[in-house]
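Biologist: Could you take me through one strand of this model close up, and then show me what sits around it? I'm new to this, so plain words please.

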Amino acid sequence: MDATLHSPPWTCPFCALLCDRFSVARGETLTPAGTSCPRAARGLAQFGATPSSATPMLNGQPADAPTALDTAAQWLARARQPLFGGMATDVAGARALYRLANACGAIVDHAHGRSLMHGLTALQDRGAFTTTLAEIRNRADLIVCIGASPSVRYPEFFARCAVGADAAGVGPAHRTVVFFGCEADPALASRADVEALTVPLQGDLYDALATTNALLNGKSPRETSVSSMAALTSLIERMRAADYTAIVWTPADLPGPHAALLVEGFDRLLKTLNRTRRAGGLALGGDDGGASVNQTLTWLSGLPLRTGVHRSGLEHAPQRYDTARLLADHAVDALVWVASFGADLPPPRTAVPTIVLGHPGLAAACADRAGPTLFVPVSTPGIGSPGHLFRADGGVVLPLTPVYEDTLPTVAAFAATLGEKLASRRENAA
């Protein structure tokens, strides 16, 4: 099949940067045109040039749409404590799933809930100074990447911030990018307008961050895991001199179970800098609709992810309402797993009845499960259906334009119909 081009505007839904600067070519599979981003290529490769004709599967056997709907309603009606996990969907899907959670008293968590909670916990406890991609692009003359280079998970990050080949005439004339405890991005090494530096560590990022905070506040640290104090001292001097410092981290790459303490450390750096300069932090996370679902739940309920929408009221329990912990403790008796963006988020292994609203590529993983499993293939926002997603920096919501018109239902449509089916069952039983 000859490749044909789907022209912009098209927003890529396969990472939280939501790049909207390239288009899609339709050959045997979909491919990105105008970018070399491996995440976009990997995400698009999971879709054919024409819409999928996948059908529901019940315990590995084909089922028609009415049977799938009836089965899902029966399982949720019988459940005493359902869990909505995965939650890889867009704003409309999150709205419909929240209404469904109200109808059955479900707990709601995201597949990336653990990394999302690092920032949420620190924000709830200490507050935060945040920045945006546009602020970094237009103002930041010092970018400090802590723990991991942003380009490892987000290949387009530096291009989006006008650091690199397309930077001419955008933002500060000269930028310094410091890689604190991680390898420098090799793409920046040859840039005359970018000074790329590294601050190596001997081990513990927690100790190194405490040292940085102490030095920035004019105090003498007791010990440090920074292998080059000269490099760290130079970083402190650059922070004090910069017009705008952006501190960037990737929550999924932060070490240890107490990474919220690291985020609090970043916030302390930012608060100190903002006494005399301008500075902001950017957490690069919220993939697979995580940022969008969290925003949607917060404005609908007043509480973020890891909240139980119980009949007795709302309960936010960020440690207890972790998907893996709930399943390990046998604290739930039904699972609704949502993974509409690709086949990379299979449902966890569990014996409880599981309803999967997912990419057609998840059919095989759902068929190979021990417990009762209903698989319903759904449309992917930005591929087969329109939608909206929040970007990683939180303040921008972007529309998703489909590449073609899908034959599959959206998550929002199926969840709404399932909610109506549950209400009808209750009326008939009354």
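Modeller: Sure! Keep in mind that this is a predicted model. Let's start with a pairing: M57 stands opposite F375 in strand β17. M57 belongs to strand β4 (residues 57-58), and β4 pairs with β17 in the antiparallel sense over two bridges. Helix α3 (residues 91-104) packs on the sheet too, where it touches β6 (82-88), β7 (107-108), β13 (307-310), β14 and β15. The direction of α3 makes about 175° with that of β6.

Now for the strand I'd zoom in on, β16. β17 (residues 373-377) pairs with β16 as well, this time in the parallel sense and over five bridges. In that pairing, I355 stands opposite L374 of β17. Strand β15 (residues 334-339) also runs parallel to β16, joined to it by five bridges, and there L335 stands opposite T354.

What about the side chains? In a regular strand they alternate between the two faces of the sheet. Here, T354, V356 and G358 point one way from β16, while I355 and L357 point the other way. Five of the five residues of β16 (residues 354-358) are buried, so the strand is largely enclosed by the rest of the structure.

Zooming out, nine strands make up an open sheet with mixed pairing, in the order β5-β4-β17-β16-β15-β6-β7-β13-β14. The edges are β5 (61-62) and β14 (313-316), and each has a single partner strand, so one side of each is left without a neighbour in the sheet.

Methods. Residues numbered from 1 in each chain as written. Predicted model: local features only at pLDDT ≥ 70, side-chain atom pairs only at ≥ 80, totals over all residues. Heavy atoms only, no water. Buried < 20%, exposed > 50% of the residue type's maximum accessible area, 1.4 Å probe, protein only. Helix = DSSP H or I, 4+ residues; strand = E, 2+ residues; numbered from the N terminus. Pairing = 2+ DSSP bridges. Contact = heavy atoms within 4.5 Å. Axes fitted to C-alpha atoms, helices over the stretch in contact; angles between N-to-C directions.
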